[in-house]
Each structure stands twice: as structure tokens, then as C-alpha cells.
Amino acid sequence: MTWEPNRLEAERLDKTQTLEARGVECFPPRVERTHTTAQAIAAFEALEADSPEAAESVEVTVCGRIRRLNIKGKVSFMHIEDESGRVQLFLRVNEMDEAVYDLVREKLIESDDFVQASGVMMRTQAGEISVRVFELKLLAKALSPLPVIKQQKLDDGTIKEHGEFSDVETRYRQRYADLAVNKDTRDVFLKRAKVISALRRFLDERGFLEVETPILQPLYGGAAARPFITHHNQLDQDLYLRISFELYLKRLLVGGFDAVYEIGRDFRNEGVSYKHNTEFTMLEFYKAYIDYRGVMALTEHMVAFAAEQVNRTTITHFRGHEVDLAPPWKRIMMRDAIREASGIDYMDHLDTASLEAAITAAGIDFKPGQPWGKLVEHLLGECVEPNLIQPTIIYDYPRDISPFAKRVGYDDVHVERFEFYIAGMEMGNAFTELNDPRDQEARFLDMGKTFQAGDDDETPLDEDYLRAMRYGMPPNGGFGMGVDRLVMLLTDQDSIRDVVLYPHLRPESKSE
């Protein structure tokens with residue numbers, strides 16, 4: 001589709017052509033920055049207290065996007081912005097090339113353009129640290145003006161945004177513009193980077209090895225989800241985008257590594273919600289010679305560490321709740337949690353028909369025809385999960401919805417698995433990992449009988465994974481967590497789309 005400029009874009013295109021007619025390069029290939037805006041201000045402040053004269057001799061060349069422009073005849077003020085912040089430019093016609101100054105005075109160089117400014121630091125009469133500009137160069141002409149966002153402070157102190165860029169979906173779709181005009185959006189993604197860095201640091205310092213496993217897999221597994229399918233033309237082979245790293249990471253324990261982790265993308269061909277996106281970032285780790293209680297301790301301390309690194313406190317606020325992430329967290333057995341919340345002891349109803357009747361009698365909606373373990377999981381999601389505001393570990397899950405976890409010692413129904421919940425949201429999943437290949441093969445076969453081919457919860461039998469297990473897999477504990485949800489929690493963002501730079505959206509219509 002050919003670009004059809006609107007009125008404002010047509011005006012900017014005309015200005016671009018005028019600049020080029022005057023011999024101005026609108027998109028020059030070279031930049032000569034010496035300081036970020038923050039570094040320029042810091043260099044001035046470092047000298048000002050002892051020697052104001054020395055401070056005003058600091059030479060800088062800064063670059064950035066023009067965010068504000070105030071032209072006053074022979075003197076103009078301009079704020080430019082880079083990733084580090086903003087600085088004011090002070091332009092005076094008799095201190096620079098008048099032909100260049102005229103470009104500003106005639107608004108041929110204007111808001112949203114990128115410029116390079118060279119000069120010395122100063123403090124204006126109004127007290128603002130600025131660059132006294134001797135040379136100004138256009139770096140990139142903005143052919144489309146950025147959206148304008150107007151903010152209104154309400155009586156309760158909250159800020160309401162409105163204007164031409166207030167539609168949330170448009171901000172997701174044009175994330176580049178959202179980032180350019182919304183500092184709060186940029187701050188979220190700066191914090192996201194800090195979260196991932198903190199998780200890496202925590203695991204690296206404890207002897208974990210970061211690895212990379214295949215994204216394209218001949219057989220998907222490690223989770224209950226519908227995969228995306230693609231095709232390798234050269235090999236004439238169907239492949240799947242991974243839904244989990246688990247089975248590949250545990251193969252590495254067979255190979256002799258004691259502790260491994262991966263942070264990367266998973267892809268699940270399922271519905272979207274405020275906490276689900278079709279592609280998302282996962283952290284999984286597996287550590288030999290510990291069980292799920294050892295993983296519980298690692299989980300508590302890792303999440304608290306990430307919060308302290310990002311927000312300098314273990315206290316976070318999410319959806320109006322104040323949450324303290326400091327260990328130790330509350331721990332409760334799944335059976336007890338469901339019994340307390342719903343009045344149903346699922347161990348009194350060990351067949352599907354009986355449990356369905358109990359759920360119906362309790363007045364709880366459910367989808368008939370689900371396997372017994374999925375009904376138990378439904379009770380957890382409906383009755384327990386929304387009320388788990390402070391960090392809570394729910395442990396000992398039904399065996400038939402946990403194909404990779406070892407049995408508990410007290411019955412044949414449960415396995416050593418836990419999930420942890422914060423602010424009413426499931427955050428992660430962990431096991432004492434099954435390492436008996438005979439038991440694992442039986443689990444695969446049982447899952448194949450329970451779920452029909454094509455079900456979202458189908459778990460295909462992976463013969464190569466079983467072959468790896470038969471070489472001997474050390475006892476180990478495993479863990480998986482959605483990184484996006486942790487970022488939501490630590491930045492108080494309502495939707496996963498607010499913490500994913502480019503969330504998946506429906507196709508853009510022609511009207512949009």
C-alpha cells in the first residue's frame with residue numbers, strides 16, 4: 001500500500017524538499033556525539049559548585065529528538081531528548097551560522113526532528129542547565145508528527161490521558177510512537193530489562209549455566225498447550241514452535257551439567273487474555289540433587305531478589321494490592337486449599353462422576369466431560385487462585401495432570417509439584433522431576449489414553465527423551481515461570497500487552 005500523506009505529513013514533506021533545495025542533508029550518514037544529555041548535565045554539575053566559570057567551558061556535542069521548541073526572534077530555546085533524558089538548547093543568532101538559525105526560525109527544523117548540537121554548557125537566567133549552541137545539524141527529519149497526548153490531573157490525583165493517541169490498541173500497534181511520546185512506557189521496558197538481568201545474576205551466582213535449546217522442534221512437549229506448526233521445505237518435515245524448554249533442558253542433566261537455565265520465547269496457539277499472549281518469555285531452570293522443597297526456597301529468594309534489584313524493595317503494588325515478596329511465603333497443600341475455599345474434599349470423590357456431582361452441588365460452574373484431574377485444577381482456579389494475594393505456594397498436585405513429577409510418599413494420587421501465586425495470578429510451576437524412565441513412559445501412555453489427539457492438553461510420547469532418561473538422569477528439581485507476569489507485577493501493569501514490546505494483535509483493518 002502506497003503512503004498517502006495527510007495534511008500535516010504533506011507540510012513536513014514540503015519542508016523536507018525545501019531543506020534539500022537549500023543544500024541541507026535531511027538524513028546525513030555521520031553523527032559526532034560526545035555526551036548523552038544526562039552526561040552533559042552531569043559534567044556541568046560536577047564543576048559548577050567549585051568553579052562556575054570552568055563549568056561553563058565544558059564542551060559537548062549532544063543529539064536527540066526535539067520535544068519542545070520556543071522561538072523568540074534572535075533567541076530560541078529547544079528541548080531535545082535521548083534515552084538518558086532531556087536537556088535544553090540555547091540558540092542565539094549571533095553565536096551560530098545565521099543560515100542554520102533561520103532553519104529553526106522558519107520552522108523547517110521543528111518538533112520531532114532529530115538534531116545534533118555542539119557548544120558549551122551554561123545555566124540560563126531562569127536557572128536551567130542548558131547547552132549554549134554554536135553548531136546545529138539536522139540528523140533526521142520526521143515526516144510524520146508524533147501523536148500528541150494531553151494529560152489532565154483529576155481531583156483524586158490520578159492522571160487521565162486523552163488526545164489523538166489515547167486508544168490502547170493503537171499504542172500497542174504503534175509501539176515505536178508509544179515509546180517516543182510516553183516516558184512511562186519506556187520506564188516499563190527499562191524495568192523489564194532489569195528484571196531479566198536480575199534473574200540471570202541470581203542464577204549465575206548460584207552456579208547455573210545459561211543455555212539455548214531449539215525453538216523449532218520435531219516433537220513438542222514439556223507443557224499442556226496447543227503448538228504452532230510450520231514446515232521445513234528442504235527436509236520436507238513438519239516442525240513445531242516450542243511450548244516449553246523442559247525436555248531439552250533435562251537432557252542436559254543426563255549429559256553431566258548439574259544446573260541449567262534458559263530465558264527465552266515460548267509459543268502457544270491458544271487464546272489471549274490480560275495474562276496470556278501467544279508468544280511469551282519463560283524462565284526455566286533444572287538443578288540436580290534437590291527436590292521441590294529446595295526449588296521452593298530458590299523461588300522465594302529469586303523473586304525477592306528481582307524485586308529489590310528493580311524497585312529497591314520487596315514491597316510491590318499491583319491492581320490496588322500491596323504485596324510483600326520477602327521470604328518466607330505461605331505454603332498450603334492443594335487439597336487443603338480447595339477444601340477450605342469450596343467445601344469440597346476431592347479425595348472423597350475419586351472418580352469423575354462423583355466429583356462432577358460435588359461441584360454441581362456446590363453451585364460452581366464447570367465444563368462437563370473433563371478428566372478428573374482437570375476438574376480438581378478447575379476448582380483451584382475458580383475458588384482459590386483469585387484470593388491468593390500475598391505470595392503463596394500451593395503444593396502436591398494430582399498425578400494425572402502432572403506427567404513429569406515424582407509421586408509423593410503418602411498416596412498414589414498426588415505428586416511433588418507446586419505452583420506459586422501472587423496477586424491472584426499463577427506465576428510459576430515446579431516439580432521434583434521424574435527420573436525413572438519406566439514411570440515416565442507409563443505416564444506418557446496414560447496421558448495418551450486420557451486426552452484425545454488434538455486436545456490442548458495432549459502430551460505426545462517423546463521416545464528420544466525416554467532414551468536420554470535410560471542413560472541415567474540424576475534426581476533434580478525443575479522450575480518454570482512466565483517472565484512477563486513477573487514484570488507485570490513489578491511494574492503494576494494490568495495487561496501482559498503492556499509489558500511485551502510487540503504484542504500479537506488481530507490484523508489491522510483498512511479503516512485503521
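In what order do the five strands close into a barrel? Going round, the order is β1-β2-β3-β5-β4, with mixed pairing. From one strand to the next, the twist averages 55°. Keep in mind that this is a predicted model.

**Round the barrel**

Let's start with β2, which covers residues 75–82 and runs antiparallel to β3, joined to it by eight bridges. In that pairing, M78 faces L89 of β3. On to the next neighbour: β3 (residues 85–92) pairs with β5 (residues 129–140) in the parallel sense, over three bridges. L89 turns up again here, this time standing opposite V131 in β5.

Then there's β4, residues 114–123, which pairs with β5 in the antiparallel sense over ten bridges. F114 sits opposite A140 in β5. These two strands, β4 and β5, make a hairpin with five residues between them. The turn includes G127, whose phi is positive at about 95°.

As a general reminder, strands of a sheet pair through backbone hydrogen bonds, either parallel or antiparallel.

**Rings meeting rings**

The structure holds nine aromatic pairs. Here are two of them.

| Pair | Centre to centre | Angle between planes | Class |
|---|---|---|---|
| W329 and F420 | 5.6 Å | 35° | tilted |
| Y346 and W372 | 5.7 Å | 75° | edge-to-face |

W329 and F420 come from distant parts of the chain, 91 residues apart. W329 belongs to the loop between β15 (321–324) and β16 (330–333), while F420 is in strand β18, residues 414–422. Both W329 and F420 are buried.

Why does the pair of Y346 and W372 count as edge-to-face? Their planes stand at 75°, and over 60 degrees is what earns that label. Y346 lies in the loop between α10 (334–342) and α11 (352–361) and W372 in helix α12 (residues 372–384), so this pair ties together parts 26 residues apart in sequence.

Is Y346 buried or exposed? Buried, with a relative accessible area of 0%. W372 also counts as buried, because its relative accessibility is 9% and the cut-off is under 20%.

W329 and F420 also belong to a cluster: ring pairs link them with F208, F285 and F479.

**Charges over rings**

One ring of that cluster has a charged partner too. The charged end of K287 sits over the ring of F208, 5.5 Å from its centre. Elsewhere, R293 lies over the face of Y395, with 5.2 Å to the ring centre.

Conventions. Residues numbered from 1 in each chain as written. Predicted model: local features only at pLDDT ≥ 70, side-chain atom pairs only at ≥ 80, totals over all residues. Heavy atoms only, no water. Pairing = 2+ DSSP bridges. Helix = DSSP H or I, 4+ residues; strand = E, 2+ residues; numbered from the N terminus. Axes fitted to C-alpha atoms, helices over the stretch in contact; angles between N-to-C directions. Phe/Tyr/Trp six-rings, centres within 6.5 Å; stacked < 30°, edge-to-face > 60°. Buried < 20%, exposed > 50% of the residue type's maximum accessible area, 1.4 Å probe, protein only. Lys NZ or Arg CZ within 6 Å of the ring centre and 35° of its normal.
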